Amino acid sequence: MIELYDLVGANDLRFSPFCWRTKAVLAYKKIPYTTVPIRFSDKDKLAFSGQDRVPVIKDAEAVVSDSWSIAKYLEDKQPEPKIFPGLGLREACRFFNLYVDRAVHAACFPLVVADIFAKVDPVDRTYFRTSREERLGVTLEAMAAKRAENRPRVQTVLSDLEATIAEQDYFFGVLTYADLCLFGSFKWITTVSEEPLFSSTPALQAWWSRMHERLGL
Ligand SMILES: N[C@@H](CCC(=O)N[C@@H](CS)C(=O)NCC(=O)O)C(=O)O
């Protein structure tokens, strides 16, 4: 059975957006798997994969890291149902994936970083604080104090997604990896934070419910 190395916080909380993407693909394709919980401080347990980030999957002899590479691997392993169901959709999904990583995450990360800090395993707190404060250039407390200031940037990104999804059920018409990828990122935010993410985006809220139903998650 596939083993997924999955980021874990305090109280067994699973919140990594990239790991959620892999779990969304596995759920959509109904591929059975087990998880190996990995804290930020457990990087030595990932040495076999030749890098230090999750997700990683182990499938018999195969070891694959990076959520995009894992998505391609799982599509080759079990083509039905397809996550790249037509000509050009794999390439379009790649572009959407980069957009989510860069635009959606860049907007949401400052808003939820203090919430994530509150949920990481106690042994990871110092590492998380140091590495994220270095990335943000301010303390987590200073970022938390700017919550109201950070919200409009998230709303701008969400309103673009809303305008797209208001006209169709899935981002590229039919369900593709684009939906699974964004689903993973929203799982990250909703798992760690109380932010009312979809309060002004009803079509996105409807898509979110539709995705949970389709995936059984
Ligand atoms: N591009 C990678 C990103 C993976 C990634 O950054 N994973 C985070 C967990 S959300 C991680 O392992 N972080 C380790 C760290 O920050 O030290 C993917 O799509 O899988």
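**Stop 1: alanine 60.** Select alanine 60 in this predicted model. Alanine 60 is exposed, because just 8 other C-beta atoms lie within 10 Å, and 12 or fewer counts as exposed. Look for alanine 60 in the loop between E3 and E4. Its phi is near 55 degrees, a positive value in a residue other than glycine. Most residues other than glycine have a negative phi.

**Stop 2: the hairpin.** Now show both strands beside that turn. E3 and E4 form a hairpin, with two residues between them. Select residues 56–59 to see E3. E3 and E4 run antiparallel, and four bridges join them. Which residue of E4 is the bridge partner of lysine 58? Pick valine 63 and you have the partner. Next, click aspartate 59, which stands opposite alanine 62 in E4.

**Stop 3: the other neighbour of E3.** Move to E1, residues 2–7. E1 pairs with E3 in the antiparallel sense, over three bridges. Select glutamate 3 to find lysine 58 of E3 opposite. Lysine 58 also has valine 63 of E4 as a bridge partner.

**Stop 4: the whole sheet.** Show the four strands together. In what order do they stand? The order is E2-E1-E3-E4, in an open sheet with mixed pairing. Strand E2 (33–38) and strand E4 (62–65) are at the edges. Each has a single partner strand, so one side of each is left without a neighbour in the sheet. Turn the view to follow the twist, which averages 20 degrees from one strand to the next. Strands of a sheet pair through backbone hydrogen bonds, either parallel or antiparallel.

**Stop 5: the helix on the sheet.** Add helix H1, residues 17–29. H1 packs on the sheet and touches E1, E2 and E3. The direction of H1 makes about 150 degrees with that of E1.

Within H1, select threonine 22. Is threonine 22 buried or exposed? Threonine 22 is buried, because 30 other C-beta atoms lie within 10 Å and 20 or more counts as buried. Leave aside its neighbours within four places in sequence, and its contacts are Leu4, Pro55, Ile57, Ser67 and Ile70. For a long view, add asparagine 150. Threonine 22 and asparagine 150 are 128 residues apart in sequence and 28 Å apart in space, C-alpha to C-alpha.

**Stop 6: a cis proline.** Pro55 was among the contacts of threonine 22. Proline 55 is found in the loop between E2 and E3. Select valine 54 as well. The peptide bond from valine 54 to proline 55 is cis, with omega near 10 degrees. Most peptide bonds are trans.

**Stop 7: around the ligand.** Both Val54 and Pro55 are among the residues around the ligand. Select the others too: Leu7, Ser16, Pro17, Phe18, Phe40, Arg53, Asp66, Ser67 and Trp68. How many residues of this shell are nonpolar, polar and charged? Seven are nonpolar, two polar and two charged. H1 and helix H2 (67–77) each supply at least two residues of the shell.

**Stop 8: a second cis bond.** Go on to the loop between H2 and H3, where proline 81 lies. A cis peptide bond joins glutamate 80 and proline 81, with omega about -15 degrees.

**Stop 9: helix H3.** Select residues 89–119 for H3, and pick aspartate 101 within it. Aspartate 101 is partly exposed, with 16 other C-beta atoms within 10 Å. Add leucine 182, which is 81 residues away along the chain. The two C-alpha atoms are separated by 9.1 Å.

**Stop 10: another positive phi.** Go back to the loop between E1 and H1 and select aspartate 12. Aspartate 12 is not a glycine, yet its phi is positive, about 60 degrees. Aspartate 12 counts as exposed, with 9 C-beta neighbours inside 10 Å.

**Last stop: the full chain.** Zoom out. The chain has eight helices and four strands. Read along the sequence, the pattern is β-α-β-β-β-α-α-α-α-α-α-α. The radius of gyration is 17 Å, close to the 17 Å that the globule rule gives for 217 residues, so the chain is as compact as a globular protein of that length. The C-alpha trace spans about 45 × 45 × 25 Å along its principal axes. Of the 217 residues, 32% count as buried. Among contacts between residues at least 6 apart in sequence, 72% join residues at least 24 apart.

Key. Residues numbered from 1 in each chain as written. Predicted model: local features only at pLDDT ≥ 70, side-chain atom pairs only at ≥ 80, totals over all residues. Pairing = 2+ DSSP bridges. Axes fitted to C-alpha atoms, helices over the stretch in contact; angles between N-to-C directions. Contact = placed C-beta atoms within 7 Å. Near = placed C-beta within 6 Å. Nonpolar A, V, L, I, M, F, W, Y, C, P; charged D, E, K, R; others polar. Rg over C-alpha atoms; globule rule 2.2 N^0.38 Å.
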